[in-house]
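Dear colleague,

I am passing on the structure below, and I would be glad if you could look through it before reading the notes that follow.

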Amino acid sequence: MRFSWGSAAAGTAFGALTAVGPWFQGLPRESAALFSVGLFLTYASIGFLVGILPMGSNRFVAGGLWGFLYSVPGAIFTAVPYPLAADAPAYYREFVGGGLRAVLLTLVFGSLAGIWAAWFRRPNP
């Protein structure tokens, strides 16, 4: 078993692309920076996992599964509503309210990151 640098790079690129979003949501600079770092590290980590964990016969299904499983703790966290300051930007309100939409978005983006990273991993010999 070899490490796939292509998967790691793809996960890092996916993370970099999603990390751009918070900067255009009207968030304070510190909040945008922290949220961006979290997104970047999450999706880069999925790329590294897909690059090192076994893929089996279908690398896309395996990549999606690894990304999905990696996102489960985050999905549980977003499912639980928690208090927020009254002047917080609307972008935060979507996730702090909890609910099914936040959970599904977390799981879907984790799975997409895993599938994307698997695209750049060479098939098992």
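**What was found**

At 14% relative accessibility, L107 falls under the 20% limit and therefore counts as buried. This residue is found in helix α5, and, when residues up to four places away in sequence are not counted, L107 touches F68, S71, V72 and A75. The C-alpha atoms of L107 and G67 are separated by 7.9 Å, although the two residues are 40 apart along the chain.

Before going further, please keep in mind that this is a predicted model. The mean pLDDT of the protein is 86, and 83% of its residues reach 70 or more. Among the elements, α1 has the highest mean pLDDT, at 94, whereas helix α4, which covers residues 90-96, has the lowest, at 64, and I would ask you to read that part with this value in mind.

**The protein as a whole**

The protein has five helices and zero strands, and from the N terminus on its elements run α-α-α-α-α. Of its 125 residues, 35% count as buried. If one takes the contacts between residues at least 6 apart in sequence, 70% of them join residues at least 24 apart. The protein exposes about 7500 Å², and carbon and sulfur atoms supply 74% of that area.

**Helix α2 and its partners**

Helix α2 consists of 24 residues, 29-52, and at 1.5 Å a residue it should span 34 Å; its end C-alpha atoms are 35 Å apart, which agrees with that expectation. Which residues of α2 are buried? They are A32, S36, L39, Y43, A44, I46, G47, V50 and G51, and these buried residues pack against α1 (5-19), α3 (59-79) and α5 (100-119). As a general point that may help when you look along this list, an α-helix has 3.6 residues a turn, so residues three or four places apart point the same way.

Two of the buried residues of α2, L39 and Y43, are in contact with T18, once the neighbours of T18 within four places in sequence are left aside. T18 has its place in helix α1, and it counts as buried because its relative accessibility is 19%, where the limit is under 20%.

On the side of α3, the picture can be followed through T42 and G74. T42 lies in helix α2 and is partly exposed, with a relative accessible area of 31%, while G74 lies in helix α3 and also counts as partly exposed, at 31% relative accessibility. The C-alpha atoms of G74 and T42, which are 32 residues apart along the chain, are separated by 9.7 Å; those of T42 and Y70, which are 28 residues apart along the chain, are separated by 8.7 Å.

**Helix α5, buried and partly exposed**

Is A117, which lies in helix α5, buried or exposed? At 0% relative accessibility, A117 counts as buried. Leaving aside its neighbours within four places in sequence, A117 is in contact with S7, A10, G11, G47 and V50, and of these G47 and V50 are among the buried residues of α2. The C-alpha atoms of A117 and W5 are separated by 9.8 Å, with their positions 112 residues apart along the chain.

I115, by contrast, whose place is also in helix α5, is partly exposed, with a relative accessible area of 35%. Together with V108, F109 and L112, I115 makes a nonpolar surface patch of about 310 Å².

If you have time for a few places in the model, I would suggest the buried residues of α2 where they pack against α1, α3 and α5, the contacts that L107 makes with F68, S71, V72 and A75, and the patch that includes I115.

With best wishes

Definitions and conventions
Residues numbered from 1 in each chain as written. Predicted model: local features only at pLDDT ≥ 70, side-chain atom pairs only at ≥ 80, totals over all residues. Heavy atoms only, no water. Helix = DSSP H or I, 4+ residues; strand = E, 2+ residues; numbered from the N terminus. Expected span 1.5 Å × (residues − 1). Buried < 20%, exposed > 50% of the residue type's maximum accessible area, 1.4 Å probe, protein only. Contact = heavy atoms within 4.5 Å. Patch = residues over 30% accessible without salt bridge, like charges linked within 9 Å, V, L, I, M, F, W, Y side chains within 5 Å. Areas by Shrake-Rupley, 256 points an atom, 1.4 Å probe, with all protein chains shown as cover. Salt bridge = Lys/Arg side-chain N within 4 Å of Asp/Glu carboxyl O. pLDDT = per-residue confidence, 0-100.
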